[in-house]
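Please open the structure in a viewer and keep the sequence panel visible. The tour proceeds from the whole chain to single residues.

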Amino acid sequence: MSDGFNFNDNYGRRWGDLIMPRILVHGKQPQIRRLLSESLCFDGYQVESVVDAAMLWEHLDNGQPELVLLDAHKDGFDAMKLYFDIKEKHPDLSIIVYQCNNYGDVDRIKDAVTDELGKQG
């Protein structure tokens with residue numbers, strides 16, 4: 001059973017004729033992961049979330065998103081090592097390492113997503 005969430009179909013979410021970018025949310029805390037995912041989905045992005053590195057690699061191997069949100073709060077796991085491992089295999093993939101201590105941080109993270117995806121377009 002997967003602990004991740006999938007908020008859209010596999011074809012992307014459409015706003016008119018525009019297919020919105022795919023975002024993969026990685027995070028330890030289910031409440032924060034779900035809140036980030038739902039909030040980004042509400043903004044029109046295609047969002048999937050994963051709880052651990054194994055699930056993250058599985059999703060990356062099955063199709064690359066435009067952006068990965070990588071949780072810096074991984075007990076016993078070095079998020080920066082994972083960042084560099086991902087960049088080694090997927091050098092063009094945008095990655096934001098985030099730290100979300102409370103629900104107020106979600107807007108700050110969403111702003112970073114908008115800024116990063118704006119650079120791609």
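**The whole chain**

Of the 121 residues of the protein, 45% count as buried, where buried means under 20% relative accessible area, exposed over 50%, and partly exposed in between, with a 1.4 Å probe and protein chains only. This is a predicted model, in which local features need pLDDT of at least 70 and side-chain atom pairs count only at pLDDT 80 or more, while totals for chains, interfaces and linings use all residues. Residues are numbered from 1 along each chain as its sequence is written, and side-chain values use heavy atoms, with hydrogens and water left out.

Display the cartoon next. The protein contains four helices and six strands, in the sequence pattern β-β-β-α-β-α-β-α-β-α. Helices (H or I, at least four residues) and strands (E, at least two) are DSSP runs, numbered from the N terminus. Among contacts between residues at least 6 apart in sequence, 73% join residues at least 24 apart; contact means heavy atoms within 4.5 Å.

**The sheet**

Select the four strands of the open sheet, whose order is β4-β3-β5-β6 and whose pairing is parallel. The edge strands, β4 (46-50) and β6 (94-98), each pair on one side only. From one strand to the next, the twist averages 20°. Two strands pair if DSSP finds at least two bridges between them.

Now restrict the selection to β5 (residues 67-71) and β6, which pair in the parallel sense over five bridges. Valine 68 has isoleucine 95, in β6, as its bridge partner. Add helix α3 (residues 79-89), which packs on the sheet and touches β3 (22-26), β5 and β6. The direction of α3 makes about 175° with that of β6; axes are lines fitted to C-alpha atoms, for helices over the stretch in contact, and angles run from 0 to 180 degrees between N-to-C directions.

**Helix α1 and beyond**

Select residues 30-42, which form helix α1. Its 13 residues reach 18 Å from first C-alpha to last, close to the 18 Å expected at 1.5 Å a residue; the expected span is 1.5 Å times one less than the number of residues. Which residues of α1 are buried? They are Ile32, Arg33, Leu36, Ser37, Ser39, Leu40 and Cys41.

Continue to glycine 44, which follows α1 and has a positive phi, near 105°. The final stop is glutamine 46, in strand β4. Glutamine 46 is buried, with a relative accessible area of 2%. Its C-alpha atom is separated by 8.8 Å from that of isoleucine 19, 27 residues apart along the chain.
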